[in-house]
Amino acid sequence: METNANTTTTEANTTTADPALLADPALLATPAALAAFGRTRAAVKIYGALTAAALLAVIAVASTGHMVNPFMWIRAILLPLIAVLLHRLALSASQGSRRAFERLRGISAVFPVAIVGVDLIPGVCPWWYAAVQALCVLPVIGIALTTRGTALRAAFPKTR
C-alpha cells in the first residue's frame, strides 16, 4: 500500500515539475545531444584519471624526500573530488535537469581559469606541479566548449 502511495506522489511530482527546470526530452534524445553528453562523460573520466595521477605524483615526490607544500597536498586531494561533482552534474544534466546543466556550464568555464590563475602566482607551487594542473584542466575546457555547443543549447533553451 505504501509503495503505491509513494509511486503516485513521485509521478505527481514529475508531471507537475516546473517545465523551466527541465530540458525538452525530444531535444535531449537527438543524436547530437547524446553525442555531446557522451563527450562530456568521457571528459569527466579523463579529468578524474588525470587528477588521480597528479595525486599519485605528489605522493611519489613526497615519498622521495622532496618538498611538497600544504597547498599541493590540499589541491591534489580536492581536485579528484571535483570529478565526482562534475560527474553528478553531467548525469543530472543528461537526464534533463536545467539547474545541473547551468552549474556544469558555469563550473567548467570558471574552474580552469581559477586553477591556472592560482598556479601562476609566484611561489605557490613548483613549475612541474603547475604544468600537471594545467594538463588536468584541459578536459574541463572540453566540457565548457561542449556545453556551449548548439546541440545542448537547443536542448536547454533560455526560457526567460
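At 0% relative accessibility, Y129 counts as buried in this predicted model. Right beside Y129 in the discussion comes W128, which is partly exposed, its relative accessible area being 23%. That puts W128 above the 20% under which a residue is called buried, while Y129, at 0%, falls under it.

Stepping back to the whole protein, the secondary structure amounts to 7 helices and 0 strands. Read from the N terminus, the order of elements is simply α-α-α-α-α-α-α. There are 160 residues, and buried ones make up 33% of them. The accessible surface adds up to about 9400 Å², with 70% of that belonging to carbon and sulfur atoms. As for how the chain meets itself, take the contacts between residues at least 6 apart in sequence: 77% of these join residues at least 24 apart.

Aromatic rings come next. A pair of aromatic rings is described by the distance of the centres and the angle of the planes. The structure holds 3 aromatic pairs, and one of them is made by F101 and F156. In that pair the ring centres sit 4.1 Å apart and the planes meet at 5°, so the pair is stacked. F101 belongs to helix α5, whereas F156 is found in the segment after α7 (150-155), so this pair ties together parts of the chain that are 55 residues apart in sequence. Both partners turn out to be buried: F101 has a relative accessible area of 2%, and F156 has one of 5%. Another of the pairs brings back W128 and Y129, whose ring centres are 5.7 Å apart with the planes at 85°, so this one is edge-to-face. The angle is what decides the label here, because planes over 60 degrees apart count as edge-to-face and those under 30 as stacked.

Charged side chains give a short list, as the count comes to 1 salt bridge. It is formed by R75 and D119, and their closest N and O atoms are 3.0 Å apart. R75 lies in helix α4 (residues 70-94) and D119 in helix α5 (residues 98-119), so the salt bridge ties together parts that are 44 residues apart in sequence. Neither end of the bridge is left out in the open: R75 is buried, and D119 is too.

Helix α4 also has a place in the surface story. I77 is part of this helix, and together with I74, L78 and L81 it makes a nonpolar surface patch of about 380 Å². I77 itself is partly exposed, with a relative accessible area of 45%.

Finally, there is T147, in helix α6, which covers residues 127-147. T147 has a relative accessibility of 1%, so it counts as buried. The side chain of T147 makes a polar contact of 3.3 Å with the side chain of R148. Once neighbours within four places in sequence are set aside, T147 is in contact with F101, L104, R105, S108, L152 and R153. Among these partners is F101, the helix α5 residue already met in the pair with F156.

Key: Residues numbered from 1 in each chain as written. Predicted model: local features only at pLDDT ≥ 70, side-chain atom pairs only at ≥ 80, totals over all residues. Heavy atoms only, no water. Helix = DSSP H or I, 4+ residues; strand = E, 2+ residues; numbered from the N terminus. Buried < 20%, exposed > 50% of the residue type's maximum accessible area, 1.4 Å probe, protein only. Polar contact = N/O pair within 3.5 Å; in protein donor to acceptor, adjacent residues only side chain to side chain. Contact = heavy atoms within 4.5 Å. Salt bridge = Lys/Arg side-chain N within 4 Å of Asp/Glu carboxyl O. Phe/Tyr/Trp six-rings, centres within 6.5 Å; stacked < 30°, edge-to-face > 60°. Patch = residues over 30% accessible without salt bridge, like charges linked within 9 Å, V, L, I, M, F, W, Y side chains within 5 Å. Areas by Shrake-Rupley, 256 points an atom, 1.4 Å probe, with all protein chains shown as cover.
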